[in-house]
Amino acid sequence: MPLYEYTCRKCERDFEALVSARGDDEVRCPECDGVELDRHFGLPARGRSVEGSAATNCRGDGPPCGAPWCGR
């Protein structure tokens, strides 16, 4: 489920909401229950690289991540 950022037009509160992929959820402001919202354009977080390799969630303290370059 995508996470979107919104601003309520009624009370001007900024908030985030999870929305189903089908888009059939009616998003409401958690402050005033308003439905007139502006959805903001957001970008995913930038990936990291470690020593020229793509980043993984494998920090060495958990199970192997399964990536071909992991080596664990």
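**Strands, core and cysteines of a predicted model**

Modeller: In this predicted model, β1 and β2 form a hairpin with five residues between them, and E12 in the turn has a positive phi of about 65 degrees. The strands are DSSP runs of E, at least two residues long, numbered from the N terminus.

Colleague: What are the ground rules for the values?

Modeller: Residues are numbered from 1 along each chain as its sequence is written. As the model is predicted, local features need pLDDT of at least 70, side-chain atom pairs count only at pLDDT 80 or more, and totals for chains, interfaces and linings use all residues, while side-chain values use heavy atoms and leave out hydrogens and water.

Colleague: Where in the protein is confidence lowest, and where is it highest?

Modeller: The scale is pLDDT, the predictor's confidence in each residue, from 0 to 100. Strand β5 (residues 53–54) is lowest with a mean of 54, and strand β3 (residues 37–39) is highest at 95. The protein as a whole averages 78, with 60% of the residues scoring at least 70. Where pLDDT is low, the predicted coordinates should not be read in detail.

Colleague: What makes β1 and β2 partners?

Modeller: Two strands pair if DSSP finds at least two bridges between them. Five bridges join β1 (residues 3–8) to β2, and the two run antiparallel, so the pair meets the definition. L3 has L18 of β2 as its bridge partner, and E5 stands opposite E16 in β2.

Colleague: In which order do the three strands of the open sheet lie?

Modeller: The order is β2-β1-β3, with antiparallel pairing. β2 (14–18) and β3 each have a single partner strand and stand at the edges, so one side of each lacks a neighbour in the sheet. Neighbouring strands here are turned by 40 degrees against each other on average, direction ignored.

Colleague: Which side chains of β2 are buried and which are not?

Modeller: Buried means under 20% relative accessible area, exposed over 50%, and partly exposed in between (1.4 Å probe, protein chains only). F15 and A17 point to one face and are buried, whereas D14, E16 and L18 point to the other and are not.

Colleague: Which residues make up the largest nonpolar core?

Modeller: There are eight: Y6, C8, F15, A17, V19, V27, C29 and L37. β1 and β2 each supply at least two residues of this core. A nonpolar core is a set of buried Ala, Val, Leu, Ile, Met, Phe, Trp, Tyr and Cys residues joined through side-chain atoms within 4.5 Å.

Colleague: Why does C29 count as buried or exposed?

Modeller: C29 has a relative accessible area of 3%, which is why it is called buried. Contact means heavy atoms within 4.5 Å. Leaving aside neighbours within four places in sequence, C29 is in contact with C8, C11, R13, F15, G34 and L37.

Colleague: How many disulfides does the structure hold?

Modeller: Zero. A disulfide is a pair of cysteine sulfur atoms within 2.5 Å. The closest cysteine sulfur to that of C11 is in C29, at 3.6 Å, so the two are too far apart for a bond.

Colleague: Where is C11 found?

Modeller: C11 is in the loop between β1 and β2. At a relative accessible area of 31%, C11 is partly exposed. Residues up to four places away in sequence aside, C11 touches C29, E31 and C32. The C-alpha atoms of C11 and C32 are separated by 6.8 Å, although the two are 21 residues apart along the chain.

Colleague: Why is S20 called buried or exposed?

Modeller: S20 has 12% relative accessibility, so it counts as buried. S20 sits in the loop between β2 and β3. Beyond neighbours within four places in sequence, S20 is in contact with M1, P2 and D25.

Colleague: Which loop holds D33?

Modeller: D33 is in the loop between β2 and β3. Its phi is near 70 degrees, a positive value in a residue other than glycine. Most residues other than glycine have a negative phi. D33 counts as partly exposed at 47% relative accessibility, whereas E12 counts as exposed at 64%.

Note on methods
Helix = DSSP H or I, 4+ residues; strand = E, 2+ residues; numbered from the N terminus. Axes fitted to C-alpha atoms, helices over the stretch in contact; angles between N-to-C directions.
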